[in-house]
Each structure stands twice: as C-alpha cells, then as structure tokens.
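Q: I should like to take a close look at one part of this protein, namely the enclosed spaces in its interior. Please guide me through them in one connected account.

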Amino acid sequence: MNGEQQAGVVAPLRGQPAAGAATSRDSTLWLLPALLLAALTLRLAFFTGCFGSDEVTYTEQALKIAQGQWARADYIGAVRLGISLPVGFLVWLFGRSEFVANLWSLLCSLGEIALVYLIARRFWGERAAVLSGLVLAFTPLHAHYAGRLMADAPLAFFVSLSFFALFEGDRTGRRVYYLCAGLAAGFVWWIKSSVALVYVLVFALYLVRERRWHGKWLLMATGFLAMLVLNGLLFLSMEGDFWKIWRMTTSGAAEYVQKISASNDPTFYLRLLLLDIKHTWLLGPLAAAGLLLWLTRQRHDDGLTRVALWCLGLIGVFSLFIVSFKPLLLITKQVNYAIVFLAPLALLAGHALSRLGHRLSILVAVIVIIPLGVIGTALEQQVIQSFVANSKAVLGFASERPGSVVFGMTSAIRTANYARLFASSPPDVPQIADIQLLATGAPGMALDTDADGFVAYAVFDRQTADWGQQGPYSRLDGLPRCWSRVGELEPTGMGLGSRIVTGLRSMAAVLPATIGQRVASQLDPLARPLPATIYGIGADCLVPDAGGAAAR
C-alpha cells in the first residue's frame, strides 16, 4: 500500500469508473429496482416449495422459536441459528405461512443480486453492473434456491457480503467496513459452520497479494471471532453448552464424508460449470471469458483482479480442501454448494458481456440470458415438483379417508409433516404411517375394517422409492402378494414449470428425429412422474409370521 492508503486515504481502485461518471447516475436510479423486480418475478413464478429434506427440519425449528420455544436438538440442521432465528422472527412478525417462512431465502437471493450490481458498478460502470446482476438473477440454480427453505441462499448472500464489505473498505478507507466483513463471515458460521471454516481461507489470497500486514485483517478477525463467541454464548444460555456447534461441526464432518460422500472428484465444479451446464447455462463459459480477459489483457484492472481471486479462491477451496489425510479425502461436492461462488462468476460474466459493446450485450441478454434463465428455472422447479407430486397426492388420498390408516414412503411422510407446519388446524392434516411398519404387522396400531374390507392402505411410489428408508418395500417385486391393487394416484401440485416442460416437449416433436427423441427422453420424466400405486391391505395380511415379518 502507498503512503496515502497508510494514512487512511485510499486511492481509487484501478479499473473503476472515474468520479465524473456519477453525473449520469440520477438517470439510472431505476435500473437496480427494475433488475430486482425482474428477479423477484422469476422467483415467484417458479417458486419451488418443499422437497422434503432439511427444509422440514429448519422450518419446524424456526416455527417453534416464533412461538417462544427452544427445542434442544442434536442434528446440525436444527441448530443453525442463521436460519432458524431470522425465519422465526419473520414468522412472528408476519404470521405463519410457507411464503413468510421462505422470505429469508428470497430476500437473501435478491440481496446478493444487489451486491453484485453494486460491486460491478464500483469497478466497471453501470452497463457491467446491469449485466452482472442480470446474469446472476437469471442463473437457474440461484433462482431455484430463492424458493427453497434451505440454508443455501442466505449462505451465499453472507459470503458475498463479506467480500463486498472488504472491497468497500479498500475503496473508502473506512475501518467499519472491515469489521462488517468479519461480522458477515462470522454469520456464515451461524448458517453453516463447516463452510465458514473453509471459505475464510480465500481471504489469505488478498493478504498474500498485498504482501504486507494491515490492521484491517485484525478488524476482520475480530468481527469473525465475535460472531463465533456470540453463537457460543447463545447455546450456553439455551443449553448450557458453549462448544456445541464446534463439536458438532468437527465430529460430524468426518462421519459425513466417510459414510455418504459420493463425490470427491476435484473437477466436480468445473464440470458443473463447463460441461453439465443445466444448472448454470452460460454462466461458466462467460465467466471463463472474463478470466481470459483478465489473464491476457486486463491484469492492470484492480477490480477484475479482486473478483478473479474471489472466484478462483472459492472454487479452489471447495474443490481441493482436504478433510482427511488417512485416508486422503477431499471436501464433499454437491450441486447446491456451487451457489457460494455464483456471485463472482456473474461478475466475471457481466464484465465480459460489457466488452461486447452496448447493442450486442443487450441483444445477448434479451435473446439468450433471459430466455435460458426462464427455461432453466422452470426445469429446476419441475424437478422438485415432479418428485413430490405423488407424495402430495398421497396426502390428498389420506384426507379423503379420515377413518383409514394410509402407509406411505419417506417422501410422503415428510410432505405431510411439512403441510402440518403451516396448516390452520394441524390435527386435520392426516398422518402418513411409515410403510416399513407393515413388515412387522404394524404392531400397536388400531386398524379397523372399512366398507371395502381393508384395514389399511399402502401407497408404493415409484418416483420416490429410491429416496429415504422404505425397508423391504423399496422395490415393486418386494411387495407382499396379499396386497390388493386398488388403483393409481394422479400426481398433484405441479407448478408453472410443468407448462414450460409440456411446451418444450411439444417443440421437440418438430426437431430432427434423432435430436427430438433425445430431448423428449430428457423431458418425459419431468412431464409425468412415475406412477404411485394404491394397495388395499386386509386384516389377514397383517398377521406376522414366525420370523416376525407380516404375511407376504
């Protein structure tokens, strides 16, 4: 740093628009609100809703907090205060509904778009800002998680906020921004502690780049540690355990990696961005173009250098971080974790697009980025909606037979649990019994014969048979012969994405035969879920045999 920076006066970053460029800002004040409105419209139109995984746990804990209750839990998803506290506060403030519970994810998604816009405007001007924000707003993966009651959208926002605060601190020389960067990084600990421990390593790249120690790093560390201490104090107050999150993070990580990690491939995210691009479309190639500009022509652009380090640093640590040396295991890769580095990728992509010139960049945005974003977000929604459509139908079937016991698979059980969270009268939402209980004759359950001669019903859902725990009933050929086939359920609850998929399926018919068949084969599973079959169960079918299993 030069003398001016040491004295607290920070010179403008190289590559930033000149101060005189601000004269036209009054005429462009509408751009950010318009961008956020477009992003909001996309996210509301293709709202995802419940899948049945951790969002049930997150939401249940948040709703208890909204009622002034604290439920002690030993599952890491139930103690992430960066999700349960904000969601609980919003529910307490606005009332209990799925939309309100999802508001935290939605606001964080829109907030990250605003951060990207502001960073790009500081570095490269209004056109790059609009294009960067537009790319992020219409990246399917980013839009998708704005409609999921999960940790991913808040996680990405606070990671990006920490870098934004660091850049603002360097730009203005105000120390408070460095403290805010540390606080934002510390809040990532509140959301996903394991991610916080990994991603903060990226800040070391900036320290190495500056080649000297500066007091800002101490301020950032202070903010980060303050948030960790505050988190510990809350758990000390609520459960008498200051180190709870730390213990769960360090002990759970090794077990998670050893038992269920399916991908330790260091090229996972590169393939996701450049080859298997259904979640991000052109974001990867456009960001690669931005990196190429930085490497070949614009190494002098300080803003571009900062964004490149942010991007490469995050992808690097989330690809190569070693979690175990014996055996050698790299950090787990998952598609949803890629949301953490979508912001710097969008900045690189927006910068590359802005170099095309005014008219061409607008043309690419209007006829490529926006349409692909709409289609991709519709497909993301339909992946989830088609998966849970039968589970929603199971719930409807059970509601029509309040006097009967309906056994279902894991997805149906969690769908019912989720619906009960927001019901005006939770007892009116039917309980879906675990289909595994039928293997032992459903002991302890009161089962009465109905007008059709059945004491219970079971629904075998081919769509979700491979997800969760179904015991011996995970395959069609494993079902008892004494079950009587009653019929099939009609999938319900499809969103707007189903219409997009149907339209694309129709368009595939006019393509050349080979291409059309390939496209249709990809769309057919989304257009129509695999069937769910209803079986009636007689009393004689529930008598356990000598080995303890029900009659088969």
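How do the residues of the lining of the second largest cavity divide into nonpolar, polar and charged?

A: The model is a predicted one, and the values below are computed from it. The residues that line the second largest cavity divide into eight nonpolar, two polar and no charged. The lining is made up of Tyr58, Thr59, Ala62, Ile83, Val87, Ala101, Trp104, Ser105, Leu149 and Met150. Three helices give two or more residues each to this lining: α3 (54–66), α4 (81–94) and α5 (98–124). The space in the second largest cavity amounts to about 70 Å³.

As general background, empty space left between atoms is revealed by rolling a probe the size of a water molecule over them. In this model, the count comes to five cavities of 30 Å³ or more.

The largest cavity may be described in the like manner. Its volume is about 80 Å³. Its lining holds nine nonpolar residues, three polar ones and no charged ones. Among the lining residues are Val135, Phe138, Thr139 and Pro140, together with Thr280, Trp281, Leu282 and Leu283. Leu286, Ile369, Leu372 and Gly373 also line the largest cavity. Two helices, α15 (283–296) and α18 (358–399), each supply at least two residues of this lining. The largest share, three residues, comes from α18.

Helix α18 also leads to another part of the model, a sheet. This is an open sheet of five strands with mixed pairing, in the order β4-β3-β5-β7-β6. Its edge strands are β4 (432–434) and β6 (484–488), each of which pairs on one side only. On average, and with direction ignored, neighbouring strands of the sheet are turned by 35° against each other. Helix α18 packs on this sheet, where it touches β3, β4, β5 (456–461) and β7 (532–537). The direction of α18 makes about 170° with that of β5.

In general, the strands of a sheet pair through backbone hydrogen bonds, in either a parallel or an antiparallel sense. Here, strand β3 (residues 405–408) pairs with β4 in the parallel sense, over three bridges. In β4, Ala433 is the bridge partner of Phe407. Helix α19 (residues 410–422) lies across β3 and β4, and runs at about 140° to β4.

To return to the opening question, the lining of the second largest cavity includes no charged residues, and the lining of the largest cavity likewise has none.

Technical notes:
Residues are numbered from 1 along each chain as its sequence is written. This is a predicted model: local features need pLDDT of at least 70, side-chain atom pairs count only at pLDDT 80 or more; totals for chains, interfaces and linings use all residues. Side-chain values use heavy atoms; hydrogens and water are left out. On a 1 Å grid over the protein atoms alone, a cavity is a set of points where a 1.4 Å probe fits but cannot get out, and a pocket is an open set with protein on both sides within 12 Å along at least five of seven lines; lining residues have an atom within 4 Å of a point. Grid points are joined across faces, edges and corners, and a volume is the space filled by probe spheres set on the points. Helices (H or I, at least four residues) and strands (E, at least two) are DSSP runs, numbered from the N terminus. Ala, Val, Leu, Ile, Met, Phe, Trp, Tyr, Cys and Pro count as nonpolar, Asp, Glu, Lys and Arg as charged, and the others, Gly among them, as polar. Two strands pair if DSSP finds at least two bridges between them. Axes are lines fitted to C-alpha atoms, for helices over the stretch in contact, and angles run from 0 to 180 degrees between N-to-C directions. Contact means heavy atoms within 4.5 Å.
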